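Hi,

Here is the structure I promised to pass on. Have a look at it first, and my notes follow underneath.

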Amino acid sequence: MISIRQRKGIKTTEVSEDYAAQEENVKLENKLPSGCTSGRLWKILSFTIGGTVALCIGLLTSVYLATLHENDLWFSNIKEVEREISFRTECGLYYSYYKQMLQAPTLMQGFHGLMYDNKTESMRTINLLQRMNIYQEVFLSILYRVLPIQKYLEPVYFYIYTLFGLQAIYVTALYITSWLLSGTWLSGLLAAFWYVTNRIDTTRVEFTIPLRENWALPFFAIQIAAITYFLRPNLQPLSERLTLLAIFISTFLFSLTWQFNQFMMLMQALVLFILDSLDMLPAVKVTWLYGIQITGLLLVCVLQFLNSMILGSLLISFNLSVLIARKLQKNLKTGSFLNRLGKLLLHLFVVLCLTLFLNNIVKKILNLKSDEHIFKFLKAKFGFGATRDFDANLYLCEEAFGLLPFNTFERLSDTLLFYAYIFVLCITVIAALAVAFHNLSDSTNQQSMSKMGTCTIGLRPEAAYNLIHTILFGFLALSTMRMKYLWTSHMCVFASFGLCSPEIWELLLKLIHLYNPKRICIMRYSVPILILLYLCYKFWPGMMDELSELREFYDPDTVELMNWINSNTPRKAVFAGSMQLLAGVKLCTGRTLTNHPHYEDNSLRERTRAVYQIYAKRSAEEVHALLTSFGTDYVILEDSICHERRHRRGCRLRDLLDIANGHMMDGPGENDPDLKLAGHPRFCEEIKRNLPPYTAYFTRVFQNKTFHVYRLSRSK
């Protein structure tokens, strides 16, 4: 429906031995620039240069992505309606609330319109601040009203520049995380270069600007950087308190801006649980992080008017269960290896049972069903029985929720990122297993993590955290392609850290009997510099070509539809259709919708299934009754859905509806034996024949190559 065309006329571990070795390497490194220059002066100079490079690389990435967006759509030249249509699917829905706040006569009226909204879902009044994560749109609209920029900057540019500005923060946070782990800003530079050269797999901000993850992931990256610093040993009390504040603020903002925050932070909580159980993190710091997660999420819950999906989240149940289980098993970290292993298994069982118990109790009390479609999807995805559930199959058939394609690794290998990542991962996993085995075997040294000097292999707490983090998020990305952006960006950090880490090179050189402090220093600088030179040589020309390639947004059919709706329908008219299209109708015309793409509500999912019967085998009378029950005035049919070829048989929307309705699917191929022939032809095909049973209920009022709009008759 939307296409792009060429423009016309325009061509640690806390192991004392390893830590001492690292200190020795750093001292040697500090002597390299000049024998007369003090170590402190060199550190200040290095910090100044590294910080400047971090800011520059972040800003350049932001400008690069913004330029790609402009060149791809010719955004500055197209009409306002075309700009809005370019915010596809749910992106358009979120941006519409920013537009709504700006169009409100006063801020208070704008807030009232969001809290008592009756245009997003017809015949219902909903609190959008409770249902959706749109505080960022509210905040931006207030800023735009207050700042004296209206004469110089259009609202849409203020919005998109903010998102591209967050990308600068994102890249800077990745840079800092890698720097903190390795001890050199060269590592951060390599991480940023890898992020940009692997742009296809690390971000999609240039074509899905208002998507919630583009708001949230920069704050997630800041949180990871702050946690990495917080887990360092021997922090000063003031530094520790300030870092905890940074972790709390970033956790809160991450939770506030993305509805899937609880699932990402649950993965993070699992990281903390694994490392705490293996004595690889200080227990006190882990407790602080559990508490921050719970507090941040509950604060968001308050701001979202006690959103039940947050209260019933697995994260809160899990964190509380871990803290309770700790109190019940106070002697968890004592005893022999087998004894401790048994206690750990019991601890895991207790935490799992408590989590499920607390979560089920909360969901029953709140009668929570908002997230049940996610668990149905996960159950079907991982082979726990086939399902005919429409919502679960809708996710299963989307490529974004499928397995990570193999060609992703081919692209990551072209930049050497994947090879470097596997190299670093293997070495750190070996180190982590050795430390974990040592911790479980030697219980006499577990009361204080500073007494681990007898272990010959070490892994600092912050490195251990990032290791388990990248492994768990790697599994998430492999199972669900849409989540790869959480993994690939951290992959850049982890691989660059390993190549610049003195501990990694020390362990490797010791294994091959070539250990020497000077060799460590040479390897940790020469390897990343060579990779940076390779990346510049191979990808710089392509990036320049990409920046010079000019395209133009082109979707005349949708533009024609939106203009017709604005000119020929009442302002209070109610429209039914596909979720993706209706988000654009809401943004471009302000008309009332029957359904929309924000799928985290059970009643909305039921409503969407009912509206989608326009693509099922139903009679005109049945479809008319369903649509009028939602107050529908007009229904929009799309040929791209009715005659869909994008998905294979069994995954087309009409097939999902047929299966859910117990009807046999169209076309050659097998059907389940219990599916029956439908008693009526497919509605979206038959209505175009203008036969009497259909013309009695529906009148065609608009048609082009893509869309057919019908007005519903109010008479029986």
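Let's start with the empty space inside: the largest cavity has a volume of about 110 Å³. A cavity here is a set of points on a 1 Å grid over the protein atoms alone where a 1.4 Å probe fits but cannot get out, and lining residues have an atom within 4 Å of a point. The volume is the space filled by probe spheres set on those points, which are joined across faces, edges and corners.

There are 13 lining residues, with Leu174, Phe220, Ala221, Ile224 and Ser489 nearest the centre. Helices H8 (155–182), H11 (212–230) and H23 (484–500) each give two or more residues to this lining, and H23 gives the most, with five. Helices (H or I, at least four residues) and strands (E, at least two) are DSSP runs, numbered from the N terminus.

Before you go further: this is a predicted model, where local features need pLDDT of at least 70, side-chain atom pairs count only at pLDDT 80 or more, and totals for chains, interfaces and linings use all residues. Residues are numbered from 1 along each chain as its sequence is written, and side-chain values use heavy atoms, leaving out hydrogens and water. Mean pLDDT (the predictor's confidence in each residue, from 0 to 100) is 89 for the protein chain, and 92% of its residues reach 70 or more.

There's also an open, mixed sheet of five strands, ordered E4-E3-E5-E7-E6. Two strands pair if DSSP finds at least two bridges between them. E5 (634–638) and E7 (707–712) run antiparallel, joined by five bridges, and Glu638 sits opposite Phe707 of E7.

Cheers

Note on methods. On a 1 Å grid over the protein atoms alone, a cavity is a set of points where a 1.4 Å probe fits but cannot get out, and a pocket is an open set with protein on both sides within 12 Å along at least five of seven lines; lining residues have an atom within 4 Å of a point.
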